[in-house]
Amino acid sequence: DADSYARRRPGNPSATPSAKAMDDSLDDGLLARCRRVLSPRRMLQRGEVSGALGDLGTFLPDVVALSSVMGSALPAASFVFFSGLWNLVSGCLFDLPLPIQPMHTVVAVALTEGLTYPQLVASGLWLGAMFTLLGGSGSVERARRCIPVCVVRGLQLGLGLKVFSTGAGMATRERALLTHSLDGLLAALLSAAVALALYGDRKRPASLVLFALGCAGVARALPAPPSLGLHSPLAPVPTVDAADWWHALVRAALPQLPVTLLNAVVATAKLAEDLYPRRDTPSVDAIALSVGLSNLSTAAVGHFPSCHGCGGLAGQHQFGARTGSSMALLGLCKMGLAVALGPAPLLRAFAAFPPAVLGVLLAVGGVELAACARDVRGRCGFVIMLSGAGSVLRLGTGAAFLISCTAAAAFRFAGRSLDEEDEAGGYEPAATDPANEPEDG
């Protein structure tokens with residue numbers, strides 16, 4: 001575990017190579033750090049290779065689901081390439097297994113409310129500018145305190161329910177029992193059974209098992225393996241009009257901002273400190289700046305809005321990753337796959353993914369997103385959370401965010417606490433384990 005791992009000092013003969021690597025200083029220069037991170041001997045250690053797979057259970061279903069819903073409008077090859085590029089960059093910068101994950105609120109809105117690709121680009125640029133400003137000015141903590149947790153949880157609960165509904169509909173769309181490509185009601189039932197049996201198992205993530213089942217369906221559906229070549233990873237810059245900027249801000253960027261602040265910046269920084277107490281771990285402002293610059297610089301050419309996920313860090317650590325070499329290895333693999341296959345073969349593969357399996361993957365993701373709301377306590381906070389969730393289901397994320405913030409401000413103006421019971425004999429707030437935060441931001 002993390003404690004026993006941290007006690008293994010370089011002078012201790014029982015220290016593993018990964019333990020010695022963890023004790024390397026992050027202050028010895030960027031070039032030396034890059035050489036260390038990109039060392040083949042270090043990247044190919046069993047723990048680093050295994051840890052690189054720890055977050056694919058979140059990344060791959062998001063890519064497949066978005067490609068299934070948006071079709072050719074989503075530049076899938078660019079999505080995969082830039083995710084890999086920022087895996088590589090963050091691995092070299094921080095030398096920690098900090099993942100790069102699609103922002104789940106944006107994913108959920110795109111799946112359930114129909115964001116267009118120009119609106120996705122605009123949301124990435126909005127969020128990039130916001131986090132660059134917050135991280136560069138050292139204002140992350142002040143911004144986080146302005147938005148109550150119950151507002152964030154209401155958005156997550158409502159979006160989780162919408163994603164679950166979308167997944168359930170997709171899983172039961174095919175009425176045949178079983179098709180040649182492993183679609184149908186029997187495949188959906190088998191996938192649901194696997195998801196329930198492996199739910200919460202970090203060593204055998206249900207999402208990876210289901211993805212392997214879906215890949216078997218893709219192999220049966222496609223007549224021949226795709227041909228390899230060299231393809232540009234850059235997507236054409238779309239035209240973004242004023243309506244796209246507005247819709248992206250209200251429906252995606254503003255609802256995503258507090259979720260990422262809480263779960264992908266603050267919780268990730270805290271978990272990194274807990275897992276690697278002897279390392280020079282990044283501050284909340286450094287993580288926010290990393291999120292901001294990555295989105296601001298490449299959102300226009302195909303990078304999906306992404307962040308460093310707390311749950312992804314926990315998963316990769318659980319799988320054995322201890323350094324940035326695991327992220328560098330994953331990044332190089334993603335970039336090579338995107339350049340070698342190109343957009344058309346990737347889209348064909350994603351389109352052939354069995355909807356029955358994909359629907360169950362989405363439903364599991366919706367449950368995980370909605371389950372974040374379990375830590376809300378207090379009557380006022382609960383009312384705000386349910387108001388936000390109901391507004392998401394009926395009015396959309398933008399209106400829900402504004403309604404929840406207005407309700408929170410009204411309770412505060414009236415002198416009511418948002419996280420304590422009003423009557424005597426209230427609760428004692430439960431401690432939140434950062435490792436149990438949702439996997440994205």
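Trainee: Which residues is Val106 in contact with, leaving aside neighbours within four places in sequence?
Mentor: This is a predicted model, and in it Val106 is in contact with Leu115, Leu120, Ser123, Leu127, Ala252, Gln256, Phe304 and Pro305.

Trainee: And what about the largest nonpolar core, how many residues has it got?
Mentor: That core has 106 residues. Val106 is among those with the most contacts inside it, along with Leu66, Leu120, Phe131, Val140 and Phe353.

Trainee: Which helix gives the most to this core?
Mentor: That's α14, residues 242-275, with eleven residues.

Trainee: What lies apart from it?
Mentor: Another core, of eleven residues. Leu96, Leu98, Tyr276 and Leu313 are among them.

Trainee: Back to α14. At what angle do α11 and α14 pack?
Mentor: About 115°, with the axes 10 Å apart. α11 covers residues 149-171. That angle makes α11 roughly perpendicular to α14, and the crossing is left-handed.

Trainee: Which residues make the contact there?
Mentor: On α11 you've got Val149, Val152, Arg153, Leu155 and Gln156. From α14 come Pro255, Pro258, Val259, Leu262 and Asn263.

Trainee: How do α11 and α19 sit, roughly parallel or roughly antiparallel?
Mentor: Roughly antiparallel, because angles over 145 degrees count that way and α11 and α19 pack at about 165°. Their axes are 7 Å apart, and this crossing is left-handed.

Trainee: What's in that contact on each side?
Mentor: α11 brings a set including Gln156, Leu159, Gly160, Val163, Phe164 and Gly167. α19, residues 355-371, answers with a set including Pro355, Leu358, Gly359, Leu362, Gly366 and Val367. Gln156 turns up in the α14 contact and in this one with α19.

Trainee: New topic: where is Tyr199?
Mentor: In the loop between α12 (185-197) and α13 (206-221).

Trainee: Is Tyr199 buried, exposed or partly exposed, and why?
Mentor: Partly exposed, because its relative accessibility is 44%.

Trainee: What does Tyr199 touch, not counting residues up to four places away in sequence?
Mentor: Val367 and Glu368. Val367 is also one of the α19 residues in the contact with α11. On top of that, the C-alpha atoms of Tyr199 and Val364 are separated by 8.7 Å, though these two are 165 residues apart along the chain.

Trainee: What share of the chain's contacts with a separation of 6 or more come from residues 24 or more positions apart?
Mentor: 83%.

Trainee: Okay, α7 and α15 next. What are the angle and the distance between axes?
Mentor: They pack at about 145°, with axes 12 Å apart. α7 is residues 76-94 and α15 is residues 284-298. Here the crossing is right-handed.

Trainee: Who meets whom?
Mentor: Phe82, Trp86 and Phe94 in α7 meet Ala286, Ser290, Leu293, Ser294, Ser297 and Thr298 in α15.

Trainee: How many residues of α16 are buried?
Mentor: Nine of its ten, so "mostly covered" fits, with buried meaning under 20% relative accessible area. The buried ones include Cys310, Leu313, Gln316, His317 and Phe319. Leu313 also belongs to that eleven-residue core.

Trainee: What follows α16?
Mentor: Gly320, and its phi is positive, near 120°.

Trainee: Last one, the whole chain: how many helices and strands, and how much is buried?
Mentor: There are 21 helices and two strands. Buried residues make up 56% of the 441. The accessible surface comes to about 18400 Å², and 64% of that belongs to carbon and sulfur atoms.

Notes. Residues are numbered from 1 along each chain as its sequence is written. This is a predicted model: local features need pLDDT of at least 70, side-chain atom pairs count only at pLDDT 80 or more; totals for chains, interfaces and linings use all residues. Side-chain values use heavy atoms; hydrogens and water are left out. Helices (H or I, at least four residues) and strands (E, at least two) are DSSP runs, numbered from the N terminus. Buried means under 20% relative accessible area, exposed over 50%, partly exposed in between (1.4 Å probe, protein chains only). Contact means heavy atoms within 4.5 Å. Accessible areas come from the Shrake-Rupley method with a 1.4 Å probe; for residues, only the protein chains shown count as cover. A nonpolar core is a set of buried Ala, Val, Leu, Ile, Met, Phe, Trp, Tyr and Cys residues joined through side-chain atoms within 4.5 Å. Axes are lines fitted to C-alpha atoms, for helices over the stretch in contact, and angles run from 0 to 180 degrees between N-to-C directions. Angles under 35 degrees count as roughly parallel, over 145 as roughly antiparallel, 65 to 115 as roughly perpendicular and the rest as oblique. A crossing is left-handed if the near helix is turned anticlockwise from the far one by less than a right angle, and right-handed if clockwise.
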